[in-house]
Amino acid sequence: MSTVATGKLITGNVAPQTRLKPRWLAGPQGRRMRETVLAYAFLLPAILIIGTFGLFPLLFAAYESTLRGLNKVVGTYDGLNNYVKAVGNLAYVVGFWVALLFAWFAGRIVVQAVRAAAQKGRTPWPWLLPGLLNGAGLAVFLVFVFRLLPALLEIPTKLRGRNNTPENFRQLVGEAWSSAPVQQALWLFLALVAAGLLIGYFVGRAQRRAGNPEVYMDEFAATFLVIVGVGLAWFTWTEVSKAYSAALESGEGLDLWTQIITISAGFLLLLLAWLLWESASDRLSNISTAARLGAATLLLVGGWVLIGELPRLIAQGDKEWWLGLQVTPWYAIGTVPTQLAIALLLAVLLFQDIHGKGFFRVVYFIPYIAPFVGTAAVFRLLFSQSPDKPVNSFLELFGIAPQRWLLDPTGIFQLMLGNAVQLPVWAAGPSLALIVIMIYGVWTFVGFNTVVFLAGLGGIAPETYEAAAIDGAGRWAQFRHITLPLLSPTIYFLTLYSVIGTFKAFNHIYVLRTAAALGTTDTASVVIFEAFKRDTRYGYASALAILLLLIILALTAVNNRIASRRVFYG
């Protein structure tokens, strides 16, 4: 009886607490809601940090790239002229193609979501409305940022002299924040997102009751990319129209639309040729394979003919920028394969059971953790042009004349051939000065790559090698058929990391570069820094940074496409 009474007492105490909870927080659905809210609460600091120090600088650079002016951050609006200064009329082509890629990427996300839902026998379309609202809200948030930025950037010019007081600063920030255009965009953003989340909540409840627990709201929110793409296409169209009208008013001939259409058609043919070439291997018939390869070849030739306008466009752009874009691939080709090959060899040797391997691992890793500026200064002394300096003194033992090293802008292939044959500039190869910087880059990053390769080798089961040895496989066969395939994810990661690193490399290049090298050591990042620091063209430097970001994204996409079929994950 006491047990029953106690049970009633417990029940009586618990029931009121349960009734205090909102109905939508009770039960399994409420538990999922609480877990979701808690997860986003934990992620909120990271979202704020990434948004403040990652996304906001990118948006600021995109906004700044549309401004002109020297020695000041706030300049007058200039549209795409900074991009036109950098790459000529190719900027308009890039603008249209980036807009198209945004729309294509959004469409791909939605199509994949629809196919995944169809495979499970479910429909994702109830999530269309909340996804569209969230996507539109994100697009309005961009409008809010681009309306707030000009007002904030004008504050320093209003705080000069006696006006530079904390009270005036707070007042100006408040006025910028409370201005009508900014507030309209802010409240529209909040309203769209709130409506999307609210409708998404009710759609989710209805779908779970119907036995469809999957959520497709994020996939349909990719319409944000479509809106951004349409906005970018409209912006590019207006800039082309302005340039065309200005040319007609000045009486100059401008074949801008012809260039845009011709080059775009050339790129389209190249894309179709690549798709046909990729699909040729999937054909069952030799005739079909040959037909696809032949069609791909014809499209490749046609596309190459149509993009023949590119040299004219390049000639209109910034020669320093184009030279930097030529130097950067040379630097990547000369460093990435070399350092990966040396690192793989060292990792295989250090993975063996040898004495002192821990010591050698530390020694090889030291160049990577040492200060780049200090070690680059040491290399500058080693490769000095003076005959009595270390490298020239060593070469003199073999009867080789002293070299100018960091001061020599001559291409390495031209140096090998001498004056007997004069190569074109594009075929002369990287300059001797750039070769020295390549040697430094390989010396610095070999240790890091070696450590990563050692971690990859540690993940390969020893039994695999033992089974191969029992079957009669030698060391080379084991390395070729076991080590390399199982290390392919590591090789892919290091390749991607290294290529991106070469396009962003700056510190050691800036220390080792010399004026006598005539810009043959200035990679794209150095050109951007010089435009910002030396020329104080902040808008132009921002435009170059955006162009470099697009190049890195394109290289990453191509690398992912190529490696997706060659990386073996076990």
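Let me start with a single residue, Arg537, which is partly exposed, with a relative accessible area of 28%. Please keep in mind throughout that what we are looking at is a predicted model.

The side chain of Arg537 meets that of Asp535 in a salt bridge, with 3.5 Å from N to O. Asp535 likewise counts as partly exposed, at 23% relative accessibility, and its side chain also forms a salt bridge with Arg534, where the N to O distance is 3.0 Å. Arg534, for its part, is partly exposed at 47% relative accessibility, and from there a further salt bridge, at 3.4 Å from N to O, leads to the side chain of Glu530.

With Glu530 we come to a residue that is buried, because its relative accessible area is 9%, and buried here means under 20%. If we now step back from these pairs, we find a network of salt bridges that links Glu320, Arg513, Asp522, Glu530, Arg534, Asp535 and Arg537. In the structure as a whole there are 11 salt bridges.

Glu530 also takes us into helix α24, which covers residues 524-533. How many of the 10 residues of this helix are buried? Seven of them are, and so the helix is largely enclosed by the rest of the structure. Besides Glu530, the buried residues of α24 are Ala524, Ser525, Val526, Val527, Ile528 and Ala531. And what covers these buried residues of α24? The cover includes α14, at residues 319-350, and α22, at 488-504, together with α23, at 507-512, and α25, at 538-563.

Let me turn, finally, to another part of the chain, namely helix α2, which spans residues 27-64 and in which Tyr40 is found. Tyr40 belongs to a nonpolar patch on the surface, which it forms with Leu43, Leu44, Ile47 and Leu48, and which has about 510 Å² of accessible area together. As a general point about such helices, an α-helix has 3.6 residues a turn, so residues three or four places apart point the same way.

To close, then, I would leave you with two places to look at in the model: the network of salt bridges that includes Glu530 and Arg537, and the nonpolar surface patch that includes Tyr40.

Note on methods. Residues are numbered from 1 along each chain as its sequence is written. This is a predicted model: local features need pLDDT of at least 70, side-chain atom pairs count only at pLDDT 80 or more; totals for chains, interfaces and linings use all residues. Side-chain values use heavy atoms; hydrogens and water are left out. Patches are made of residues with over 30% relative accessible area and no salt bridge: like charges are joined within 9 Å, nonpolar side chains (Val, Leu, Ile, Met, Phe, Trp, Tyr) within 5 Å. Accessible areas come from the Shrake-Rupley method with a 1.4 Å probe; for residues, only the protein chains shown count as cover. A salt bridge is a side-chain nitrogen of Lys or Arg within 4 Å of a carboxyl oxygen of Asp or Glu. Helices (H or I, at least four residues) and strands (E, at least two) are DSSP runs, numbered from the N terminus. Buried means under 20% relative accessible area, exposed over 50%, partly exposed in between (1.4 Å probe, protein chains only). Contact means heavy atoms within 4.5 Å.
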